[in-house]
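Let's take a walk through this protein together. Have the sequence and the 3D view open, and we'll go from the whole chain down to a few single residues.

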Amino acid sequence: MKTKLTSIALLAGAVAFAQTKSDTIKSQEKEIEAVTVTVRKPTVESKVDRTVFNVANSSILAGNTTWDVLRMTPLVSIDNNDAIKAEGESVTVYINDRKSVFTGKELKEYLKTIPADNLMKVEVITSPSSRYEATGSVINIVLKKRDDEGLKGSVTLNNRQNTKNSQYTNLNLNYHKKSFTQTLIGSYSDNVNVQRNSSAYATYANNSLLEMNSRSEGRYKSPSVSSTSEYALNDKNTVGLILEYYQSNSRSFSEADGANYRNNEKISSIQQNQTATGLNRNLGTNLFYKYYDKEKNRILDVNLGTNYYGEAGDSYFLRNISGNLPSVNEIGVLSDIENRNYYIKIDYTQPLGKSGGTFEVGGKMNFNNNVIPNSLYGNQLQGLSPRDAFHYEDNINSIYANYSKTFFKKLETRIGLRYETTDYKMRQEVSGASRKDSYGTFLPNLLVKYSFSDKYDLSLTYNRNIWRPWYSEFNPFMIPNDDGIYSRGNMELNPNPSDRLYMKFGILKKYFISARYSFTDQDYWTDYIPGTIIDANGNPQQVTITQESNFNGKVHKYYLYANTNQTFFKNKFTVNVGLGWYYIDNSDFNAKNQINNNFYISYLSGTANLSYTNLFNKNINLSAWVEVGNQSNGNSYTNKPNVFHNFSATKIFPKTQMEVSLQLMNIFKRPNYDATSYNQSGFTRSSSKWDWYGASISFVKRFGNQKVKENTKTDVEKSGGGGK
C-alpha cells in the first residue's frame with residue numbers, strides 16, 4: 001500500500017511540475033497576458049437570519065464530498081454519532097430547499113455521494129421562517145446549476161490515506177440546449193474506516209462497573225448515480241424530474257475485550273468478536289413544476305416525490321465470558337429494513353398590495369411506511385426475543401403562512417405561523433405490542449430587524465420548534481452491540497417541543513454578536529438500564545441496555561457568540577473567526593430525574609476559516625479550517641474538547657482546466673470523543689478515536705464552459721430577514 005501511495009504522489013508531482021513548466025513557457029511567449037477581474041462574493045456572509053458559506057470558488061472543494069465540506073462550515077459541528085448541529089443544536093437538512101428524508105448515519109452516507117465540486121453554497125439558517133419543516137436551525141445545501149450551451153463536466157480522482165487507504169472517483173456531465181438541461185452524476189468510493197472505542201458503564205445500585213475496549217474496521221464500496229432533467233416551457237414555467245440512486249456494500253469486523261467489576265472486585269472477563277455485512281440502497285424521485293414571474297415577483301413551486309431506503313444486514317457476535325459463571329454465546333442478527341416515503345409539497349410567494357409586503361403560503365402532505373424485521377440466530381438467550389417485525393406508519397400534514405414587510409427602509413419584519421398534524425401508529429408482529437397516537441402543533445415565528453445606519457443593525461427572532469423521535473428509536477427489539485452491551489428502542493417516546501429567542505447585532509457589516517436563549521420542560525435522551533439475560537448454560541448474565549427514554553424537567557440554555565468576516569489584499573485573503581460561550585441550567589431537570597451530576601454546564605468553542613485565492617498570481621488557492629469543539633449535549637458532558645483542523649492547497653491550470661489538490665487532515669492531533677452520560681441508575685463514560693486524519697490528493701479535469709448560476713428556489717431572497 002505504501003508503494004502504491006508513493007507512486008501516486010510521484011505521479012502527482014510529475015504532472016504538476018510538467019504542467020507548471022508548460023504554462024510558464026507559454027506565458028513567456030506572450031508579452032502581455034490578459035487579466036480578467038472577477039467579482040467574488042465573500043467566503044462567509046452573515047445575514048439577519050442565516051450565515052452563508054460561499055464555497056463555489058473555494059479550494060476546499062477539490063477531492064472532497066459534501067459531507068467533508070459540511071464539517072468545515074462555520075457554526076456547524078458533527079458529533080461522534082454523525083449528528084449535524086448548528087451552534088450546538090440539532091438541525092434539519094435541506095438540499096436546494098428540499099428537505100432530506102435522511103438523518104444520522106443515513107444522511108452522512110448520502111451526502112458523501114454528492115461531490116463538493118457541485119456545491120454553490122451552504123446556508124446555516126439560524127432563524128428559519130415558518131416555511132421550513134424545522135426543529136431548530138436549518139442547513140440548506142445549494143448546488144450549482146450549469147446554464148451554458150453544449151456539453152460540459154468534470155472528472156475527479158481522489159486517494160486518501162487515513163489508517164487505511166481509500167479511493168473516490170466522480171464523473172459530472174451536464175448538457176444544456178435552449179430550453180432543456182440534463183445533468184448526470186456518477187460516483188464510486190471504496191473506503192476503509194478504522195475506529196477505537198473505550199466505554200465504562202457504572203451502576204449505583206449494586207456498585208458494578210463494566211469496562212470495554214474495542215477496535216472496528218469496515219470497508220464500504222459505494223456506487224451512486226443521479227439524474228436531473230429540466231425543461232423550460234417558456235420564460236416563466238419549468239418542469240423537471242430528479243432521480244437519485246445510492247448503494248453501499250459493507251463488510252466490517254470488530255473485536256472487544258473488557259471486564260465486569262462489583263465492589264471494586266473483578267468478577268469476570270469478556271471477549272467479543274463481531275463480523276457484519278450489509279447492503280444499503282437509496283432511491284429517490286422528485287417531479288417538480290415551477291412558475292416564476294420575475295417582474296411581478298411571483299413563485300409557485302410544486303413538488304411530488306417518493307423515497308425508498310432498504311438495508312439488509314447480517315451481524316454475527318461471538319462472546320466469551322470467563323469467571324465464576326463462564327459461558328460462550330454465539331448470536332447472529334439478521335435485519336431487512338424497508339422504508340417508503342411519499343409526499344406532495346406546494347409553495348407560493350407573491351407581493352401583497354402596493355405596500356411592499358410579501359406574502360408566502362404553502363403546505364405539505366407527507367406519508368411514511370417503515371418496516372424493520374429482525375431475527376436472532378445461534379445460541380438463543382432467555383430474555384431476548386428470537387424474532388419480530390416492527391411496523392411504523394405516520395402521516396404528517398402541514399400548512400404555513402409568512403408575511404414580511406419593510407417599514408421606513410430601516411425596519412424589516414416577518415411574521416409566520418405553521419400548523420402541523422401528526423398521526424402515527426406502530427406495532428410488533430410477534431409480541432403484539434402497539435401504539436397509536438396523534439397530535440396537532442402550532443409553531444409561530446417572528447423576526448424584527450432595525451438598521452440604525454449602514455454600519456449598525458439589530459435583529460430579534462422568536463421560534464417555537466418541535467423535535468420528533470426517529471422511527472428506529474421506537475423499535476423495542478433488543479440486539480447486541482459491538483461494544484459488548486445491548487440496545488433497544490422505546491415505543492413510549494414523546495416529541496420534544498421547545499421555544500427559542502435569538503438576537504443579533506451587526507457592526508460595520510464585519511462584526512456580529514449574537515445571543516440565544518432556549519427553553520424546554522421535557523425531552524428524550526439516551527438511558528442506560530441494567531438487565532439480566534440467561535446464557536446457553538443457564539447462567540444469569542448482567543448486561544447494560546441503552547434506549548431512548550422520556551425525561552421530564554426544565555432545561556434552560558444560554559448562548560453567546562461573536563464572529564467577524566474580514567478580507568485583505570484586494571479580497572484575496574478571507575478570514576472568518578468565531579467564538580461561542582454556552583451555559584446550560586439543568587438544575588430542575590436533574591433534581592426531578594435524580595441525576596447525580598453538575599446542575600450547570602459552561603464551556604467555550606471556536607472556529608476559524610481562512611482562504612487565500614491566486615497566491616503569487618500563480619493560480620494557487622490555499623485554505624485552512626480549525627475548530628475547537630465541546631460536544632456537551634443533553635445528559636452527556638464532554639471531558640475534554642476536540643481540536644479539528646484541515647489544510648489544503650490547490651493548483652489550477654486554466655488552459656487545460658485541470659486541478660491538483662493536496663489536503664492534510666488533523667495531522668497534529670487525531671480527533672477523539674470523550675464524554676460522560678448520566679442517568680438515574682448510574683453513568684457511562686465513552687471515548688472514541690476517529691479515523692478522520694491523514695492526507696489526500698485529488699486530480700480534477702474539467703471540460704466545456706463551466707459557467708454556473710444558483711440552483712435554488714430563493715431567487716428573490718432579500719439580504720435581510722424578509723426573504724425566505
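What follows starts with the overall picture, moves inside, and then comes out to the surface.

First, a word of caution: what you're looking at is a predicted model. The protein has 724 residues, and 52% of them count as buried. Its secondary structure adds up to four helices and 36 strands, so expect to see plenty of strands as you turn it around. How far along the chain do the contacts reach? Taking the contacts between residues at least 6 apart in sequence, 66% join residues at least 24 apart. As for the outside, the accessible surface is about 32,600 Å², and carbon and sulfur atoms account for 56% of it.

Now let's go inside. In soluble globular proteins, nonpolar side chains tend to be buried together. Here, the largest nonpolar core has 41 residues, and the ones with the most contacts inside it are V69, I84, L111, L119, I139 and I141. Strand β26, covering residues 540-568, gives this core its largest share, four residues. There's also another core lying apart from that one, with 12 residues that include I331, L381, F477 and I545.

Pick out I141 for a moment. Setting aside neighbours within four places in sequence, I141 is in contact with T66, V93, Y94, I95, N96, L111, L119 and K121. Two of these names, L111 and L119, also turn up among the core residues with the most contacts.

Back out on the surface, there's a nonpolar patch of about 1,000 Å². Its members include I415, L446, V448, Y450, F452 and Y456, along with L501, M503 and Y511. Which strands should you look at to find it? β20 (434-451), β21 (456-467) and β24 (496-507) each supply at least two of the patch residues. Y450 sits in β20. Is Y450 buried or exposed? Its relative accessibility is 32%, so Y450 counts as partly exposed.

Our last stop is T526, which belongs to strand β25, residues 511-534. T526 is partly exposed too, because its relative accessible area is 29%, and buried would call for under 20%. What does T526 touch? Not counting residues up to four places away in sequence, T526 meets T546, Q547, E548 and N635. With E548 the link is a polar contact, side chain to side chain, at 2.7 Å. As for Q547, that residue is 21 places from T526 along the chain, yet their C-alpha atoms are separated by 5.6 Å.

How values were computed
Residues are numbered from 1 along each chain as its sequence is written. This is a predicted model: local features need pLDDT of at least 70, side-chain atom pairs count only at pLDDT 80 or more; totals for chains, interfaces and linings use all residues. Side-chain values use heavy atoms; hydrogens and water are left out. Buried means under 20% relative accessible area, exposed over 50%, partly exposed in between (1.4 Å probe, protein chains only). Contact means heavy atoms within 4.5 Å. A polar contact is a pair of N or O atoms within 3.5 Å; within protein, one must be able to donate a hydrogen and the other to accept it, and residues adjacent in sequence count only if both atoms are side-chain atoms. Patches are made of residues with over 30% relative accessible area and no salt bridge: like charges are joined within 9 Å, nonpolar side chains (Val, Leu, Ile, Met, Phe, Trp, Tyr) within 5 Å. Accessible areas come from the Shrake-Rupley method with a 1.4 Å probe; for residues, only the protein chains shown count as cover. A salt bridge is a side-chain nitrogen of Lys or Arg within 4 Å of a carboxyl oxygen of Asp or Glu. A nonpolar core is a set of buried Ala, Val, Leu, Ile, Met, Phe, Trp, Tyr and Cys residues joined through side-chain atoms within 4.5 Å.
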